[in-house]
Amino acid sequence: MAELKEIIISSDNIKTDEYLVNMGPQHPSTHGVLRLLVKLEGEIVHNVQPHVGYIHSGIEKMTESLSYTQIPHLTDRMDYLSAHMNNEAVVCVENALEVEVPERVKYIRTIMAELQRIASHQLWWCATGMDLGALTTFFYGLRDREDILDIFEETCGARLTLNYSLPGGVMFDIHPNFQNRVKTFIKKFKKILPEYDELLTGNVIFQERSKGIGVLSKEDAIAFGVTGPSGRASGFSCDVRKHQPYSAYPLVKFNEALGTEGDTFRRYQLRIAEMWESMSIIEQLIDNIPEGDYTAKMKGVIKLPEGEFFQRVETARGELGVYIVSDGKKNPYRVKFRSPGFSNLFAINHIAKGWKIADLVAIMATFDLVIPDIDR
Amino acid sequence: MAFEKYDFTPLTQSIHQGLLENVSPLMTMIIEWTIIGLLYLVFVAVFGLFLVYAERKVCAAFQQRLGPMRVGPWGLLQTIADFIKLLMKELIQPKSVDSFLYNLAPFVVIIVPFLTISVLPFAPGLQSLDFDIGVFFVTAVSSVGVIGVLLAGWASNNKYSLIGGMRSGAQIVSYELSVGMSLITMIILAGTMQISEIVELQRNGWFIFKGHIPAVIAFFVFVIAGTAETNRGPFDLAEAESELTAGFHTEYSGIKFAFFFLAEYINLFIVSAMAVTVFLGGWMPFHVGGWDGFNAIMDLIPGLVWFFAKVLGIIFLIMWFKWTFPRLRIDQILTLEWKYLLPINLFNILLMAFIVLMGWHW
């Protein structure tokens with residue numbers, strides 16, 4: 001009896017220590033060179049400290065020595081999965097110059113942006129499945145993304161970094177096949193998207209892994225500046241396309257997908273819903289592309305008037321803000337990009353505490369991080 | 001019985017007699033052991049490589065790809081090329097590992113399938129060890145594998161490996177209960193633990209049909225728990241690529257990594273073979289009562305073919321799991337075992353005992 005007591009007492013003295021694990025810079029589920037310093041106790045996450053800067057490319061500084069027509073070529077290297085939406089930030093320059101771009105350009109930009117959004121969400125879907133251990137999703141997603149990339153290739157020659165939008169318009173007119181191909185794609189993808197649900201969304205294990213995990217409240221979403229689908233899943237209505245419409249968005253009807261739960265499953269569902277919305281936006285526009293020029297008449301050297309200019313666009317990850325300070329010369333004095341990934345990343349520590357490592361991976365997956373977007 | 005002509009007993013007996021006549025009994029034993037040992041070695045290597053190839057082709061089919069196609073016709077030589085590559089690779093040993101345990105772990109892991117495979121009956125007369133406690137031997141030996149995994153996780157001096165090893169320990173120790181209990185259910189039905197006798201008892205009907213509902217439940221539990229025991233998806237937490245890079249074998253390279261890799265596939269074979277032996281009649285052909293013509297045709301197919309056809313069927317099922325389901329979380333895995341499978345199993349044993357008691361099983 002006395003021995004048993006001793007054992008019980010001594011087992012109270014066993015100390016369990018927290019320990020640090022470096023997730024990254026090379027780790028399969030950080031999707032790039034992101035380093036998370038994770039403090040764990042057993043399997044439970046106590047703290048997540050993101051360390052960024054491993055692939056910082058100094059885009060903001062480089063812009064200070066480039067002209068306004070050159071800068072858009074850098075923007076699609078930031079969030080390479082929403083390259084066209086980043087390019088669309090040239091709207092800021094157009095607004096500053098008070099140039100009226102042709103209607104045709106607005107339509108083309110919006111269609112391309114929504115195609116890009118679908119492509120981005122497809123890649124996000126396959127990566128999420130893979131992070132949760134369902135490897136087959138990866139190939140389904142990439143297979144369907146290929147169709148969109150082929151359309152891009154035919155339109156502007158590039159598949160990933162499009163460089164399609166320039167101040168004043170787009171680089172080339174659309175290919176004669178464009179409308180047909182987009183329509184064929186939409187028709188095909190409407191049949192395929194329910195397959196995504198069958199494979200992953202309805203799966204019991206997936207739902208167990210995602211429902212109620214990593215809840216981000218609306219207040220926290222606003223406080224951390226979490227935008228895009230991740231913010232909207234918490235009920236934070238932050239869709240720039242709705243609140244501050246640009247390009248052809250004022251002309252189309254679409255719902256801003258919103259959730260209330262803010263958990264991993266809701267963030268997942270919201271992106272699937274966004275794919276449906278994007279398809280409906282494209283369908284509304286694709287048949288009505290007006291005739292006209294594909295670019296407005298612009299001067300050879302663009303000089304912005306002195307002052308500060310700001311424009312927001314909605315990328316696949318959230319709100320991209322472009323802030324230009326001009327001193328009237330051909331280069332900007334200072335450019336600041338407010339990238340969605342950077343703000344979203346820092347909400348992870350807040351919601352991952354107390355969950356397991358596997359949940360941290362799931363949470364990161366549904367925040368859809370693109371590392372060059374964070375590091376710029 | 002028609003299929004007796006595929007019996008391997010005359011062949012093995014004639015070899016035995018021939019050896020006894022020419023050399024001393026001790027030499028006979030040594031030669032026989034060597035032959036059997038070599039046969040198993042060759043079988044494990046060849047079948048392991050085949051399973052790797054099969055996995056890649058199956059997963060390619062699920063993912064709408066072709067899989068390996070370049071090396072040899074339909075990529076048949078791909079896994080052999082991979083194996084040669086692994087053999088020739090440098091064995092990198094990190095600086096601060098526990099050298100002895102680190103080097104021991106792969107051997108512990110690879111020994112287990114060799115031990116277990118020895119009691120499996122491949123065909124009539126093709127079984128090297130026939131204990132009267134065969135099933136017990138399989139469950140006992142297969143639990144040694146987890147020691148190797150824990151050793152690998154501990155000795156690698158890598159936090160990811162350690163987490164993987166601990167996960168694997170918790171998981172395998174839990175799921176062994178379910179594997180054991182579903183086997184106990186069937187032992188109650190069979191009334192023996194001798195594997196050859198278990199197969200023989202299924203001559204006029206596989207246990208999964210004979211044992212009514214409890215046998216079906218036990219079969220499903222066995223397949224689920226077996227998948228978990230082999231550390232395969234959706235229970236592949238120990239290596240959980242997206243969480244722990246490669247889990248317990250992160251720090252292993254070359255042939256030592258190949259040992260872990262091969263052991264996983266041979267364990268897959270063993271789990272499937274046990275499921276086939278205990279539930280699906282081993283090498284016994286499929287018979288339907290009353291259909292004599294059909295049964296006669298089924299008897300024409302050799303037992304060896306039956307055995308491997310059934311085993312590959314189960315292996316395909318387990319591969320299907322892996323390439324469809326997402327991974328479970330560690331606490332969910334333990335919940336599944338302790339809160340669902342274990343109570344179901346306990347109830348199932350009672351049910352089976354009741355059925356056997358009432359004599360409804362023949």
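## Two helices crossing in chain B

In this predicted model, helix α7(B) passes α10(B) in a left-handed crossing. Helix α7 covers residues 159-190 of chain B and helix α10 covers residues 212-229, and the two pack with their axes 9 Å apart at an angle of about 150°. Angles over 145 degrees count as roughly antiparallel, so α7(B) is roughly antiparallel to α10(B).

Who does the touching? From α7(B), the contact includes Gln171(B), Tyr175(B), Val179(B), Met186(B) and Leu189(B). On the α10(B) side, look for Pro214(B), Ala215(B), Phe222(B) and Glu229(B), among others. Sorted by type, the residues of this contact come out as twelve nonpolar, five polar and two charged.

## The big nonpolar core

The largest nonpolar core has 189 residues, and Ala275(B) and Phe279(B) are the members that touch the most others. Helix α12 of chain B, residues 254-279, supplies the largest share of this core, with 18 residues. As a bit of background, nonpolar side chains tend to be buried together in soluble globular proteins.

Phe279(B) is a good place to zoom in. Setting aside residues up to four places away in sequence, Phe279(B) touches Met186(B), Trp206(B), Phe207(B), Ile208(B), Ala215(B), Phe219(B) and Phe222(B). You've met some of these already: Met186(B), Ala215(B) and Phe222(B) also take part in the contact of α7(B) with α10(B).

## A pair of glycines to look at

Gly289(B) sits in the loop between α12 and α13 (292-300) of chain B. Is Gly289(B) buried or exposed? It counts as exposed, because it has just 9 C-beta neighbours inside 10 Å. Its C-alpha is 8.5 Å from that of Gly205(B), though the two are 84 residues apart in sequence.

Over in chain A, Gly214(A) is also in a loop, this one between α9 (204-210) and α10 (218-224). Gly214(A) is buried, because 25 other C-beta atoms lie within 10 Å. Leaving out neighbours within four places in sequence, its contacts are Asp263(A), Thr264(A), Ile351(A), Ala352(A), Trp355(A), Asp359(A) and Ile363(A). The C-alpha atoms of Gly214(A) and Ile348(A) are separated by 8.4 Å, with their positions 134 residues apart along the chain.

## Where the chains meet

Chain A brings 26 residues to the contact and chain B brings 22. On the side of chain B that touches chain A, at least two residues each come from α7, α11 (241-244), α14 (303-324) and α15 (330-358). That side of chain B splits into eight nonpolar, seven polar and seven charged residues.

Key. Residues numbered from 1 in each chain as written. Chains lettered and ligands numbered in written order. Predicted model: local features only at pLDDT ≥ 70, side-chain atom pairs only at ≥ 80, totals over all residues. Core = buried A, V, L, I, M, F, W, Y, C linked by C-beta atoms within 7 Å. Buried ≥ 20, exposed ≤ 12 C-beta atoms within 10 Å, placed from the backbone. Helix = DSSP H or I, 4+ residues; strand = E, 2+ residues; numbered from the N terminus. Contact = placed C-beta atoms within 7 Å. Axes fitted to C-alpha atoms, helices over the stretch in contact; angles between N-to-C directions. Parallel < 35°, antiparallel > 145°, perpendicular 65-115°, else oblique. Left-handed = near helix turned anticlockwise from the far one by under 90°. Nonpolar A, V, L, I, M, F, W, Y, C, P; charged D, E, K, R; others polar.
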